Amino acid sequence: MSALGANIRREREQRGWSQARLAREICQAAGVMGEPVGRQEVSRWETGKRTPREWLPFIAAALGVPVEALREPLKPAEPPLPTLADFLPEGDPLSLLQGRTGRRIGMGQVDDLQQRVHGLRLADDVLAGGDLIRPALRELRSAVKLYREGTHTSEVGRQLLRQIGELAQIAGWIASDAGQHQEAERIYRLGISAARQAEDHTLAGNIAGSLAYQFSNTGREAEGVTLAQAALNDAGPDAPPKARALYLDRVAWAHTKLGGVEHGQQAMRALGEAGQALSEDSEGTESPAWLYWVDAGELRVMEARVFTEIHRPLRAVPLLREVLSGYDATHTRELALYLSWLAVALADGGEPEESAAVAERVISLGADASSERVAERVRVILRRLREYADVPEVAALLADHQHTTR
């Protein structure tokens, strides 16, 4: 990255602007009609692929700084904080088509899309990824096509991008649950791009946190920590309390999966900060609708999972039992997942008979849920119980499901 590009990016990010926002401000400063400068061109300037010679005065005017400030050589600095810009997709899958002839899109179509996105999110509460992957991808493709090919005002376009971001988050989550991790990553990166172009940093943090969670669970633990921290950093301290609690939840899990004493300590610190963030939420605090599920119970579940992963069953088991005692049984997949950590914690605590009984329930629930995450958790439980193969209840369980662990 050139000094000029780095300075443009620094000044832009200090203002909380997306690359698309800077492009609009430059065109306005230059007094030109249309959009001769777009997000891709700003990206090329920032990465040093192109030099903005004739546009430089207008970039400076848009940012409110002297041209000389943008030409200053880079100063040695501490390693930069991770940023979501590093996780954007190659190219721009959301670029508007030239000479668009599609129908005119208004807020009515945006509202319709919002309702469908919310319906898909509610369906994910009770159905597994394998059941929802086709309709989710169909909705996402349709929404992107609507945005790229339709004609719309800049405000309608921004609201469409926000809905594409929300749709990408839930579609990525569904694809990940179905075991389609590469597809999920592609969708998540698309969603991060859409949310950032819509200048919805809270949503971008949620999508990035979801991808970080997938990284942490699929052997990419170091990337999971980097991305989870980037989501927290980019959203900033002004994000709604529930959102900050969720980001910190993801940070805690990422450190837990990376392992080691130091990361375990950072995980516990993040959990404490998540609880503090959630305590700042109140009835008068505005939060995006997609945060409806973030509450104290969810934080207790994460805390219990962390305690399970670091082999502290005396802390994990009571927490899990407390949450599960009142859990909605219609949320089959989540119930199976939470019970799976209870089964492992019981095995760690020297209660193999009870662990086997809980494992049977997980397997029964998993049979009705087309979820790769549940299937993997079943394999984890059975591998953990091999240590107790001489216990009759465990021996029977392993014999009945020996095909699962092959």
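## Helix packing and selected residues

T202 is buried, at a relative accessible area of 14%. Buried here means under 20%. This is a predicted model.

**T202 and helix α10**

T202 sits in helix α10. Which residues does T202 touch, leaving out those up to four places away in sequence? They are A239, P240, A243, Y247, P288 and W290. Y147 is another matter: T202 and Y147 are 55 residues apart in sequence, and their C-alpha atoms are 21 Å apart in space.

The helix around T202 covers residues 201-217. Its 17 residues should span 24 Å at 1.5 Å a residue, and the end C-alpha atoms are indeed 24 Å apart, so the two values agree. Is α10 largely enclosed or largely open? Of its 17 residues, 15 are buried, so α10 is largely enclosed by the rest of the structure.

Both flanks of α10 carry a positive phi. Ahead of the helix, E199 lies in the loop between α9 (181-197) and α10. Phi of E199 is near 60°, a positive value in a residue other than glycine. After the helix comes G219, with a positive phi near 85°. Most residues other than glycine have a negative phi.

H311 is a further case, in the loop between α14 and α15 (313-325). H311 is not a glycine, yet its phi is positive, about 60°. Its relative accessibility of 58% makes H311 exposed, because the cut-off for exposed is over 50%.

**Helix α12 and its two partners**

Helix α12 (residues 241-258) meets helix α14 (residues 296-309). It also meets helix α11 (residues 221-235). The table sets out the two pairs.

| Pair | Axes come within | Crossing angle, roughly | Residues in contact |
|---|---|---|---|
| α11 and α12 | 8 Å | 160° | eleven nonpolar, three polar, four charged |
| α12 and α14 | 10 Å | 10° | five nonpolar, one polar, five charged |

How do α11 and α12 run, roughly parallel or roughly antiparallel? Their axes cross at roughly 160°. That makes α11 roughly antiparallel to α12, since angles over 145 degrees count as roughly antiparallel. The crossing is left-handed.

On the α11 side, the contact residues are E221, A222, G224, V225, A228, Q229, A231, L232 and A235. On the α12 side they are R244, Y247, L248, R250, V251, A254, H255, K257 and L258. Eleven of these residues are nonpolar, three are polar and four are charged. Y247 of α12 is also one of the residues that T202 touches.

The other pair crosses at roughly 10°. That makes α12 roughly parallel to α14, because angles under 35 degrees count as roughly parallel. From α12, the residues A245, D249, W253, T256 and K257 take part. From α14, E298, L299, M302, R305, V306 and E309 meet them. This contact has five nonpolar and five charged residues, with one polar residue. K257 is listed in the contact with α14 and also in the contact with α11.

An α-helix has 3.6 residues a turn, so residues three or four places apart point the same way. The α12 contacts with α14 include A245, D249 and W253.

**Helix α18**

Helix α18 covers residues 372-385. Its 14 residues should span 20 Å at 1.5 Å a residue, and the end C-alpha atoms are 20 Å apart, which agrees. Which residues of α18 are buried? They are R373, V374, R377, V378, I381, L382 and L385. These buried residues pack against α8, α10, α14, α16 (332-348), α17 and α19 (392-400).

**Residues on three of those partners**

Q169 is in helix α8 (residues 154-177). At 10% relative accessibility, Q169 counts as buried. Beyond residues up to four places away in sequence, Q169 touches Y188, N206, I207 and S210.

E354 is in helix α17 (residues 352-367). E354 is partly exposed, with a relative accessible area of 33%. Setting aside neighbours within four places in sequence, E354 contacts R321 and L346. E354 and A395 are 41 residues apart in sequence, with 13 Å between their C-alpha atoms.

A399 is in helix α19. A399 is partly exposed too, with a relative accessible area of 44%. A399 and A389 are ten residues apart along the chain, and their C-alpha atoms are separated by 9.6 Å.

Conventions. Residues are numbered from 1 along each chain as its sequence is written. This is a predicted model: local features need pLDDT of at least 70, side-chain atom pairs count only at pLDDT 80 or more; totals for chains, interfaces and linings use all residues. Side-chain values use heavy atoms; hydrogens and water are left out. Axes are lines fitted to C-alpha atoms, for helices over the stretch in contact, and angles run from 0 to 180 degrees between N-to-C directions. Helices (H or I, at least four residues) and strands (E, at least two) are DSSP runs, numbered from the N terminus. Angles under 35 degrees count as roughly parallel, over 145 as roughly antiparallel, 65 to 115 as roughly perpendicular and the rest as oblique. Contact means heavy atoms within 4.5 Å. Ala, Val, Leu, Ile, Met, Phe, Trp, Tyr, Cys and Pro count as nonpolar, Asp, Glu, Lys and Arg as charged, and the others, Gly among them, as polar. The expected span of a helix is 1.5 Å times one less than its number of residues. Buried means under 20% relative accessible area, exposed over 50%, partly exposed in between (1.4 Å probe, protein chains only). A crossing is left-handed if the near helix is turned anticlockwise from the far one by less than a right angle, and right-handed if clockwise.
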